[in-house]
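Trainee: Could you take one small patch of this model and walk me through it slowly? I'd like to follow a few side chains and see who they touch.

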Amino acid sequence: MNNEIKHFTATAMIRNEKGEFLLHEHPKLGFWLPPGGHIEENEEPQDALYREVLEETGLHCNIISCGYPFKTSVVASSHTQSLSLPMAILKEFIADKKKGDHWHIDMVYLCELISPEQPPFSPFSWVPFQQLAQLNMPKDVIELAQMANEYYQGLNKA
């Protein structure tokens with residue numbers, strides 16, 4: 001067993017109808033990132049996601065469950081519940097001078113806004129996909145945005 005310290009987190013990839021992504025420059029890390037944060041003790045990932053998105057952006061969202069390519073899902077029963085599936089689960093190294101280096105086990109969800117016309121809190125802004133590569137951001141955020149674009153392109157073909 002390794003001695004890595006791990007924190008569980010949830011992140012929301014939110015894309016608007018113009019193909020822009022909701023991002024901010026994280027004040028501590030200096031990277032451009034989507035909304036998200038730590039999952040608190042005894043909190044389910046989707047509840048942490050809703051809480052973090054609301055706290056950070058002032059917006060309400062819904063999760064788009066990413067169960068593809070499967071058409072069948074687990075049916076809820078008295079002893080089993082099926083939670084929304086993330087678009088990715090990532091293990092991300094966090095260099096933290098205050099709390100010490102650790103890893104995030106990050107459940108990344110594809111989300112849509114309930115009231116898309118409502119503006120987000122500052123410093124969040126809508127960034128066109130074509131501009132992502134010009135910003136200081138981890139490569140995986142661009143890859144996640146591409147995955148979101150592929151999802152929406154698939155919807156337009158159907």
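What is the relative accessibility of Phe 93?

Mentor: Phe 93 comes out at 46% relative accessibility, so it counts as partly exposed. On that scale, buried is under 20% relative accessible area, exposed is over 50%, and partly exposed is in between, using a 1.4 Å probe and protein chains only. Keep in mind that this is a predicted model, where local features need pLDDT of at least 70 and side-chain atom pairs count only at pLDDT 80 or more, while totals for chains, interfaces and linings use all residues. Residues are numbered from 1 along each chain as its sequence is written, and side-chain values use heavy atoms, with hydrogens and water left out.

Now for the company Phe 93 keeps. There are 3 aromatic pairs in the structure, counting rings of Phe, Tyr and Trp (its six-membered ring) with centres within 6.5 Å; planes under 30 degrees apart are stacked, over 60 edge-to-face, and the rest tilted. Phe 93 pairs with Trp 103, edge-to-face, with 5.3 Å centre to centre and 70° between the planes. The pair links distant parts of the chain, 10 residues apart: Phe 93 belongs to strand β6 (residues 88-94) and Trp 103 to strand β7 (residues 102-113). Strands here are DSSP runs (E, at least two residues), numbered from the N terminus. Trp 103 is partly exposed too, at 23% relative accessible area.

Trp 103 has another visitor: the charged end of Lys 91 sits over its ring, 4.8 Å from the centre. For that label, NZ of Lys or CZ of Arg must be within 6 Å of the ring centre and within 35 degrees of the ring normal.

What about the loop between β6 and β7? That's where Asp 96 sits, and its partner Lys 28 is in the loop between β2 (20-25) and β3 (32-33), 68 residues apart. The two form a salt bridge, with the closest N and O atoms 3.4 Å apart. The rule asks for a side-chain nitrogen of Lys or Arg within 4 Å of a carboxyl oxygen of Asp or Glu, and by it the count comes to 8 salt bridges. Side chains of opposite charge can pair when their charged atoms come close. The two ends of this bridge contrast nicely: Lys 28 is exposed at 55%, whereas Asp 96 is buried at 7%.

Terms used: Helix = DSSP H or I, 4+ residues; strand = E, 2+ residues; numbered from the N terminus.
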